[in-house]
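Got the viewer open? Let's walk through this one stop at a time, picking a selection and looking at what is there.

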Amino acid sequence: MLSQYFFILIMSGLAVVLPLTAVIMGYFIGPRRPDEVKNDIYESGVETIGETWVQFRAQYYLIGLVFVVFDVEALFLFPIAVAYQQLEMFAVLATIFFVLLLVIGLLYDWRKGALEWQ
Amino acid sequence: MQITQWSDALSGWLIGLGLPEWAAIFLVYAVGAFVLINYGMLSVLLLIWITRKVISRIQDRIGPNRVGKFGLLQTVADAAKLLSKEDITPREADKIAYNLSPILSVSGVLMLLAVIPFAPGLIGVDLNIAALFVVALGSIGIMAALMAGWGSNNKYALLAGFRVVAQLLSYEIPLVLSILTVVLLTGSMRFGSIIESQSLHLGGFNLGVGWLGIVMPGALLIFFISSLAEAELTPFDLLEAESELIAGFHIEYSGMKFAMFFLAQFLNAWILAAVMVTLFLGGWQGPGVGLPVVGPLLGFGYFMIKVFGVYVLQQWIRGTFPRLRIDQMMYFAWKVLVPLTIGLIVVQAIVQKLPTPVAVHYVLIFIANVGVLAIVASILQKYFREEQMRTKRSFEPTSLIGTMQVNEEGTMY
């Protein structure tokens, strides 16, 4: 059991080290002649104006919040799904009630226009 | 049928040679992980070649055919060229985010290979939470893309980074929920036992065609559509829409760092195809996998054929479909796919507790899935008909769109 996660650990170590080796190899094999124009920001030949890191739309924030709600829901449903064959009637009703609560949440988001993209 | 894991067999052999147990396990795991990761990084060379060939044929071209037989070595040449390119960091970039994101994006995808079952007994590690592992690692790619967009100090890259977050987050929900339908039916998150449950025994012989995709075509379609979006393929490729954002979030990258993003993208499409095959199309199941010696070899063959088949299908769609607008994409994810998958889960939860034989459960689940399939198909058909009408209208001679227009003063512009 624990040795399975040992494999995951080795795998994740190698999955970082091997791409890192490739990138470092590229860094040393390739030429290095930086100049003012080359290091400039590429915006199709037009010089960039103003700051890049500005405020962005609140819409992305809303999508992020709705995502968190549904992702946590899915996380709760996975263990229930695995044990579903052994569940009692009460637990089944509770599960369905839990899912329906989230449907109500989705309908509320829908009515409030959080899912619209203006 | 008792399946021996490759790692148990190999470490048992090493212990027999006189190695202590921990050293044997470490050695076997290190070799296994090294082989898997190298397979992942090298198979991309073949995947890119397949993509270029398929898309060329769709566009009535021949595609790469000069370097090597059938142009097979073209991608090797491309990789060698990228290795010799200069590594440019744009001025005032956020160095940490800029340099970390290519490695993060590729390692998140490579780690997924650990739970892909290639053949009976040939699986990196048969984790008992494999489904959750896939879902969890899928989020690392999102973070890497946002870091690339933010760190590049480029407005187009930043815009693309935001779009990545919006798109991938939205389509992750239907993806996760359609995986959940499979877990609910099989009662396991272990990929090994999900595949085991898709066998079909007939008189002691394993036909291996009890695929879940036959019982749940609706969930299969939803998983396929969301996997297209997660792999950033064309109907949903608006995070690197060339005509709007130049090249997306990796616009400022060059050389090996660019290659890493490229690798992650193609490998991600392949791995999502592999997960789809595992969950819905029977994995390595097929006629004759229960046989003693040829069984695992046949299983490996079936798995590869299925995965590359799904991969070619993905690229076919990439070559033929028009790109969606961002509002259409969001609408489709949140107002069509999410309610439908939640509906499927509720129906399945009720059906599986009915006091009837299991065959009746399967029939009822199948009926619900066909309903979902019909709804998604009718929405897609309506959309494509509108799109066709719009395209046709813009080429009609009476229309002013696409022709020279005359303004009120009568001068052409």
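Which helix of chain B holds Val135(B)? Select helix α5 (residues 130-151) of chain B, and you'll find Val135(B) in there. Helices here are DSSP runs of H or I with at least four residues, strands are runs of E with at least two, and both are numbered from the N terminus.

Before going on, two housekeeping notes. This is a predicted model, where local features need pLDDT of at least 70 and side-chain atom pairs count only at pLDDT 80 or more, while totals for chains, interfaces and linings use all residues. Residues are numbered from 1 along each chain as its sequence is written, with chains lettered from A and ligands numbered from 1 in the order in which they are written.

**Stop 1: Val135(B)**

Stay on Val135(B): is this residue buried or exposed? Val135(B) is buried, with 21 other C-beta atoms within 10 Å. (Buried takes 20 or more other C-beta atoms within 10 Å of the residue's own, exposed 12 or fewer, and partly exposed is in between, with C-beta atoms placed from the backbone.) Now add Val176(B) and Ile179(B), which Val135(B) touches, leaving aside residues up to four places away in sequence. Touching, or contact, means that the C-beta atoms, placed from the backbone, lie within 7 Å. Ile173(B) is worth adding too: its C-alpha is 9.9 Å from that of Val135(B), with the two positions 38 residues apart along the chain.

**Stop 2: α6(B) against α2(A)**

Next, select helix α6 (residues 155-186) of chain B together with α2(A); their axes lie 10 Å apart at an angle of about 15°. (Axes are lines fitted to C-alpha atoms, for helices over the stretch in contact, and angles run from 0 to 180 degrees between N-to-C directions.) That makes the two helices roughly parallel; the label covers angles under 35 degrees, with over 145 being roughly antiparallel, 65 to 115 roughly perpendicular and the rest oblique. The crossing is left-handed, meaning that the near helix is turned anticlockwise from the far one by less than a right angle, whereas clockwise would be right-handed.

Show side chains here. Ile173(B) and Val176(B) turn up again, among the α6(B) residues that meet α2(A). On the α2(A) side, look for Phe67(A), Phe70(A) and Phe78(A), among others. This contact divides into 19 nonpolar, 2 polar and 1 charged residues. (Nonpolar is Ala, Val, Leu, Ile, Met, Phe, Trp, Tyr, Cys and Pro; charged is Asp, Glu, Lys and Arg; the others, Gly among them, are polar.)

**Stop 3: α1(A) against α4(B)**

Move to α1(A) and helix α4 (residues 95-112) of chain B, whose axes come within 9 Å and cross at roughly 140°. These two are therefore oblique to each other, and the crossing is right-handed. Pick out Met11(A) and Leu20(A) on one side and Ile103(B) and Leu110(B) on the other, all part of this contact. It has 11 nonpolar, 2 polar and no charged residues.

**Stop 4: zoom out**

Select the whole contact between the chains: 56 residues from chain A and 65 from chain B. α1(A) gives the most to chain A's side, with 20 residues.

Finally, colour by chain. Chain A has 3 helices and 0 strands; its radius of gyration (over C-alpha atoms) is 25 Å, well over the 13 Å that the globule rule (2.2 Å times the number of residues to the power 0.38) gives for 118 residues, so chain A is more spread out than a compact globule. Chain B has 14 helices and 4 strands.

Terms used
Two residues are in contact if their C-beta atoms, placed from the backbone, lie within 7 Å.
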